[in-house]
Amino acid sequence: MTDAATLPAGRARPSSASPNAPLGRIVSWLRRRIFASWRDAALSFAVAAVLGGIAWAIVPWALFDATWSGASRADCTGTGACWAFVTAKASQFVYGFYPPAERWRANIAFALLVVGLIWLMVPRLPGKRHAALFMMVVLPVATFLLLHGGFGGLAVVPSDQWGGLLLTMILAVSGITFSLPFGVLFALGRRSRMPLIRWFCIGFIEFCRGVPFLTVLFMAIVMLPFFLPSGTKPDPLALAVVGIIFYEAAYMAEVVRGGLQALPKGQYEAAMAIGFGYWRTMLHIILPQAVRKVVPGVVNTTISLLKNTTLVMVVGLFDLLNIVSAGVSDPLWAGSQAEGYFIVGLVFWLMSFGLSCYSRAIEAGFARAERS
Amino acid sequence: MENPLIRLAGVNKWYSQFHVLRDIDLEVKPGERIVVCGPSGSGKSTMIRCINGLEAYEQGLITVAGEPVAQDDDRIEAIRQRVGMVFQNFNLFPHLSILDNLTLGPIKLKRVPRVAAEARAMELLERVHIGHQARKFPNQLSGGQQQRVAIARALAMEPQVMLFDEPTSALDPEMVKEVLDVMIELAGTGMTMICVTHEMGFARAVADRVVFMADGAIAEIGTPDSFFEAPRTERARQFIQQVIH
């Protein structure tokens with residue numbers, strides 16, 4: 001599109017109104033950005049028409065003509081969305097088959113997660129190291145103990161009853177928290193001077209990148225029992241968590257490797273000349289710089305991880321997507337696919353968009369700090 | 001005679017077929033200031049990079065305060081803490097503030113408490129005339145300022161000897177003097193220094209001995225006066241004519 005700076009003199013005349021008056025500013029902005037030429041105006045109108053058309057199709061369906069409550073699909077008589085389906089099933093979508101009397105335990109786990117995220121993400125809060133420790137050790141252990149129970153009078157809730165958003169969050173948060181550290185280790189291993197470590201890391205990374213995640217999950221659920229003592233069955237949730245962490249770690253490793261290779265040799269030499277050994281050089285000098293360089297790639301991988309969590313349905317887990325699919329097949333609510341998948345899409349979009357906003361904030365913070 | 005702080009005895013190094021260092025013998029006494037010069041590719045930088053184990057050598061022995069320098073040895077890190085190094089391209093850590101560039105080593109390697117390390121770092125930054133920039137980041141400073149920070153960073157580890165690898169070669173001409181002045185002040189404190197440099201004025205002002213290298217070997221060693229006024233080899237004569245226009 002034509003920009004004011006590239007216009008021939010005279011065409012980008014400031015509006016006749018005083019440029020400081022709000023109305024004058026708006027008019028001048030419209031002239032420069034929307035109606036600078038007839039082609040710009042046509043393009044602007046075309047885009048506006050498309051956006052308007054989409055809103056015209058969705059908004060009345062989703063809001064004005066929608067039915068908000070009811071006991072079955074039969075109560076949805078309007079032409080709009082049947083949100084009654086979602087409100088009726090909401091608690092199942094959030095908790096899966098977790099026993100209703102015990103759901104306060106899941107709520108505490110959610111609250112712990114929110115506390116951890118705020119602690120980690122709000123720049124002004126101190127003690128980021130402790131926050132990381134909280135996310136990597138306290139949160140997973142506390143969440144597992146709380147949800148599983150079996151101590152202090154808490155009834156045992158086996159993991160096959162965990163589901164819905166709760167399960168999706170367990171998979172996503174554990175995957176995001178642990179895939180980056182493991183990815184860093186694999187990236188370092190891939191560049192190691194010790195051949196066995198290097199070969200192992202290359203082999204692992206290339207295996208994970210070369211095989212679809214579904215295949216990995218299938219193989220694990222089918223093949224692992226052969227290697228375990230007879231009679232023991234692998235816990236599908238544990239399998240899914242471990243699978244996601246290591247599968248995504250392989251992708252993280254390649255992202256981090258890109259950052260490692262972008263660093264000049266002088267940084268290694270300066271660290272060595274001061275007397276830093278391998279691990280201190282990596283921890284204090286190399287990795288902080290390498291990871292900063294690859295924040296967009298890390299977030300990209302994180303978002304794909306988040307969406308990959310929906311694949312755990314093949315090992316029989318009811319994550320958010322799978323539990324909505326199950327809800328849709330309820331005869332009482334037959335025909336509610338649009339509403340169900342709309343909500344699933346919205347929840348995933350919100351989480352992914354949140355991640356990208358956070359990543360842009362991080363990048364801006366780094367740019368401010370280094371002013372490079 | 002005092003024991004040498006640094007000794008290179010019969011040091012040889014090859015890059016596959018290329019013989020970069022030939023039979024280097026050199027002893028540096030505590031407090032001595034050595035300037036190493038010579039045409040490019042003569043092995044000057046390689047030699048001083050061998051002294052703190054940034055480069056490996058194949059034959060001979062290098063010792064720092066009696067400790068043998070070997071790249072694969074666990075003791076190399078302890079030796080490097082005692083040997084400060086200043087690079088041509090500064091190599092400051094861009095993700096750390098100036099102050100943190102100085103304190104990282106002492107805090108992590110020598111277990112100096114942060115408060116003490118920062119006080120010492122500020123002292124050093126004052127000494128290189130950059131105290132007011134302590135909270136800035138390396139990319140916000142000029143080349144000359146960055147190089148002075150690099151000198152202070154090396155000094156923060158309280159080294160016994162300082163190696164300078166062409167410290168002014170990457171600088172704009174107007175910044176060379178501020179770095180040389182800091183090096184001259186440092187020489188005045190009695191620090192043992194080995195400087196690879198083409199700054200002949202600096203060599204005359206502070207060097208006890210000038211080491212002239214050519215083709216990977218030490219061709220000549222002498223006091224600045226005898227080297228500049230009456231070089232013994234033809235190579236040295238040519239070189240001096242080229243650097244002193």
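A salt bridge is taken here as a side-chain nitrogen of Lys or Arg within 4 Å of a carboxyl oxygen of Asp or Glu. In this predicted model, the side chains of Arg49(B) and Glu269(A) meet that description, with nitrogen and oxygen 2.6 Å apart. Across the interface of chain A and chain B, the rule finds 1 salt bridge. The count of residue pairs in polar contact between the two chains, with both partners at pLDDT 80 or more, is 5.

The elements of chain A that give two or more residues to the side touching chain B are α10 (265–274), α11 (278–293) and α14 (337–370). Of these, α10(A) gives the most, with 9 residues. By character, the residues on this side of chain A divide into 9 nonpolar, 7 polar and 6 charged. The contact as a whole takes 22 residues from chain A and 24 residues from chain B. The size of an interface is often given as the accessible area lost when the parts come together. For chain A and chain B, about 2,100 Å² is buried between them, and 59% of that area is on carbon and sulfur atoms.

It is worth returning to the arginine of the salt bridge. Arg49(B) belongs to helix α1 of chain B, which covers residues 44–51. With a relative accessible area of 10%, Arg49(B) is buried, because the cut-off for that class is under 20%. Leaving aside residues up to four places away in sequence, Arg49(B) touches Lys265(A) and Glu269(A) in chain A, together with Leu54(B), Glu55(B), Met85(B), Phe87(B) and Asp165(B) in chain B.

A second residue of chain B offers a view of a strand. Val11(B) sits in strand β1, residues 6–15 of chain B, and counts as buried at 1% relative accessibility. Its C-alpha atom is separated by 6.9 Å from that of Leu21(B), although the two residues are 10 residues apart along the chain. Leu21(B) is also one of the residues that Val11(B) touches, and the others beyond four places in sequence include Tyr57(B), Gln59(B), Gly60(B), Leu61(B) and Ile62(B).

Aromatic rings are the last topic. A search of the whole structure finds 22 aromatic pairs over all chains. In one of them, the rings of Phe35(A) and Phe45(A) have their centres 5.9 Å apart and their planes at 45 degrees, so the pair is tilted. Phe35(A) lies in the loop between α1 (22–33) and α2 (38–64) of chain A, while Phe45(A) lies in helix α2 of chain A, so the pair ties together parts that are 10 residues apart in sequence. Phe35(A) is partly exposed, at a relative accessible area of 39%, and Phe45(A) is exposed, at 55%.

The rings of Phe186(A) and Phe204(A) are arranged in another way: their centres are 4.5 Å apart and their planes stand at 10 degrees, so this pair is stacked. Phe186(A) is in helix α6 (residues 164–190) of chain A and Phe204(A) in helix α7 (residues 195–210) of chain A, and the pair thereby links distant parts of the chain, 18 residues apart. Both Phe186(A) and Phe204(A) are buried. These two phenylalanines also belong to a cluster, in which ring pairs link them with Phe182(A), Phe200(A) and Phe246(A).

Conventions
Residues are numbered from 1 along each chain as its sequence is written. Chains are lettered from A and ligands numbered from 1 in the order in which they are written. This is a predicted model: local features need pLDDT of at least 70, side-chain atom pairs count only at pLDDT 80 or more; totals for chains, interfaces and linings use all residues. Side-chain values use heavy atoms; hydrogens and water are left out. Contact means heavy atoms within 4.5 Å. Buried area is the accessible area (1.4 Å probe) that two parts lose on being put together, summed over both. A polar contact is a pair of N or O atoms within 3.5 Å; within protein, one must be able to donate a hydrogen and the other to accept it, and residues adjacent in sequence count only if both atoms are side-chain atoms. Helices (H or I, at least four residues) and strands (E, at least two) are DSSP runs, numbered from the N terminus. Ala, Val, Leu, Ile, Met, Phe, Trp, Tyr, Cys and Pro count as nonpolar, Asp, Glu, Lys and Arg as charged, and the others, Gly among them, as polar. Rings of Phe, Tyr and Trp (its six-membered ring) pair if their centres lie within 6.5 Å; planes under 30 degrees apart count as stacked, over 60 as edge-to-face and the rest as tilted. Buried means under 20% relative accessible area, exposed over 50%, partly exposed in between (1.4 Å probe, protein chains only).
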